[in-house]
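Biologist: I am new to this structure and would like to learn how its features are read. Could you take me through some of them, one at a time?

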Amino acid sequence: MSLLQRILYVDDETGIQSVAKLALEMVGGFTVKLCGSGEEALREAAAFAPDLILLDVMMPGMDGPATLAALREQPALAAIPVVLMTARAQAEDVARYLSLGALDVIAKPFDPMTLASQVRAVWEKHHG
Amino acid sequence: MDDLESEFAAELAKLRGAYLEHLPEELAGIAACASSLSGRESERPLLDELHHRLHKLAGSGSTFGLDDLSREARVLEKQARAWLAGPIERIDPGALAAFVRGTQALAATLRQGESRPAPPLKSEPHAPLGRRIDIWLVEDDALLGREIVRLLDQFGYQTRLFTRLDAAEQAAARERPDILIMDVLFPEEGLNATEAVASRPAFRALDCPILFISAQGDFHSRVRAARLGAEGFLTKPLDVPRLVDRLERMFEERQVTPHRVLIVDDDITLAEHFRLVLRGAGIDVKVITDPEAIIDAVAAFRPELILLDLMMPGYTGPELATVIRQYDDWVGLPIVYLSAETDLDAQIQALGHGADDFLAKPISDAHLVAAVRVRVARARQLDNLMARDSLTGLLKHARIKEEVEIELARARRGGKPMSVAMIDLDHFKSINDTYGHAVGDRVIKAVAHLMRQRLRLSDAIGRYGGEEFIAILPDCDCDTAQAVIEDIRARFAGLRFQHEGEEFACTLSAGLACSTRYPEAKGSDLLISADEALYAAKRGGRNQVCLADGKMPSLGED
């Protein structure tokens, strides 16, 4: 089973970014890099080589689904699993995101104390 | 984990502080942006920006526990999104004005929300002890009034004294106490308080519980008090412990610790949705997606109800239920299956394996909340009946011994101190013999109230025997424990009990054992050490607190 260690977290809200980084690093023990936009994520992903990308759905410019699609078009990045994070985890949205190739969807706001275990659970479900 | 948790909480609090610091600026920016809208197509990028800022605010607000702000931002965000979907010129000017006012109101919502502590990870501080409850006493006899204030203070209640009815009336126009205690007759002002409360708007608007005290419990005053919905009518001379008993019961009904529910479901999105719904209803929820973590989760979180998915990878719900039922402690823990299973046979078969009920997915939010509430409330009732002493509402002997072991293990894991206090009333038998058992019971209840009042919610308190009590103080070192118990001792010694015009006092002795002095001890050893310290306090002349010396209790002898 491959290990989950490096996570790229993409969200345009810096407050949530910092909580997510803290939660994933301190509670989960992951290595986290933050990006503020889809465009930035596309630039940084190759160099950081994350095991997983956590992607906010609604961002100005390139939103989550668009970023996911762009990642899938680049051969070097296409295989990186992506989990979308959204405030509106409605059933039809979730189904659509999954059909776009997202590994899973995590609802926002997340509980800082359990975000890391949620992410790990998603990972293990697919890689266990 | 506890250490990590508190460190994490501290870091989180820092982030929240930083967030709150620049938030007013962002709110001002949003309001300014909104107020520059006039309903032209050229403003689409501006509205788009506004939409994103509101979206971010809604998300970040709830992440940092500003739920009201988040909710309001969410409403505005929705409005902006709806407008973006059509031509900007079509926006109704009235709706736009309301929208702008909405953005301007966010700052006030923030100020209200900010004053509350961050909800996600709150840890109780040790000081100040007790809850702050605002009591007003209206009593024209200033000497008597001051004496009641002093006695209530011994129980940890802060009381504000008014010696004139009109002074209280003026205060009532501006502020509101948690409870109002009033004498009935004010001869100097020529007033009867029951009439005043009935006729004067400031009192009528108070909407807080009222207790009347009166020298003559005359029928008309009592009836009038009852018609006003008064919580009680007490006669003078005032029996303060009885008054406190009344107060405690009134506040207890209002204070309910949140229900704890564990959700076990491998479908994280759905589990997360359930969690949000239940949390919205004030229920504490923990979600686990890995069935193998269930035992640890139950032990650590101690849920009052488990919502269990019927089918999970590797395990079925009935298998997990059976495993949980193998533990004696959890035989009575309600387990409810959540399942899309509509096949009646499968349901019945599942119920045969130790679960209590079925909830079919999909389930409406309201139905879920109601189903959980009813079941947890019933479980709590049963648990209370079995675990709590009927006179004091404190934990019974067996349960408190269990708690000592649990809390000691938790303290050791977290590398934190933990203290145990054993408390015994002095010469209690002679009170029972002199005044009778009913009076003795009131003394017992007074100690119980005092302990509940002065200790934290996280401290466990038990009635160990007839007049013996135990307090378990997690995350509390020798010095703090000694100060807290000494405070209880001094307050108790200051209480005056009334019986048929006669006044008497009672004292208590206490023994303390702190886990840091006993690195090797089990919970039962701590209890024995606290008991030995208690006897040292008795030998030392009673009405005092003694700390155990750290020598392991001598085993095998008695």
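Modeller: What follows goes from confidence to helix packing and then to strands. This is a predicted model, in which local features need pLDDT of at least 70 and side-chain atom pairs count only at pLDDT 80 or more, while totals for chains, interfaces and linings use all residues. Residues are numbered from 1 along each chain as its sequence is written, and chains are lettered from A and ligands numbered from 1 in the order in which they are written.

Biologist: Which elements of chain A have the lowest and the highest mean pLDDT?

Modeller: pLDDT is the predictor's confidence in each residue, from 0 to 100, and where it is low, the predicted coordinates should not be read in detail. Chain A averages 86, with 95% of the residues scoring at least 70. Among its elements, helix H4 (residues 91-99) has the lowest mean, 72, and strand E1 (residues 6-10) the highest, 96; helices (H or I, at least four residues) and strands (E, at least two) are DSSP runs, numbered from the N terminus.

Biologist: At what angle do helices H1 and H5 of chain A pack?

Modeller: Angles run from 0 to 180 degrees between N-to-C directions, and axes are lines fitted to C-alpha atoms, for helices over the stretch in contact. Helix H1 (residues 14-27) and helix H5 (residues 115-127) of chain A pack at about 70°, with their axes 8 Å apart, and are therefore roughly perpendicular to each other, a term for angles of 65 to 115 degrees. The contact (C-beta atoms, placed from the backbone, within 7 Å) is made by A:Ala20, A:Ala23, A:Leu24 and A:Val27 of H1(A) and A:Leu115, A:Ala116 and A:Val119 of H5(A).

Biologist: How many residues of strand E13 of chain B are buried?

Modeller: A residue is buried if 20 or more other C-beta atoms, placed from the backbone, lie within 10 Å of its own. In strand E13 (residues 335-339) of chain B, 5 of its 5 residues are buried, with B:Ile335, B:Tyr337 and B:Ser339 on one side and B:Val336 and B:Leu338 on the other.

Biologist: Which strands pair with E13(B)?

Modeller: Two strands pair if DSSP finds at least two bridges between them. Strand E10 (residues 305-309) of chain B pairs with E13(B) in the parallel sense over 4 bridges, and B:Leu308 stands opposite B:Tyr337. Strand E14 (residues 357-360) of chain B also runs parallel to E13(B), joined by 4 bridges, and here B:Ser339 stands opposite B:Ala360.

Definitions and conventions
Angles under 35 degrees count as roughly parallel, over 145 as roughly antiparallel, 65 to 115 as roughly perpendicular and the rest as oblique. Two residues are in contact if their C-beta atoms, placed from the backbone, lie within 7 Å. A residue is buried if 20 or more other C-beta atoms lie within 10 Å of its own, exposed if 12 or fewer, and partly exposed in between; C-beta atoms are placed from the backbone.
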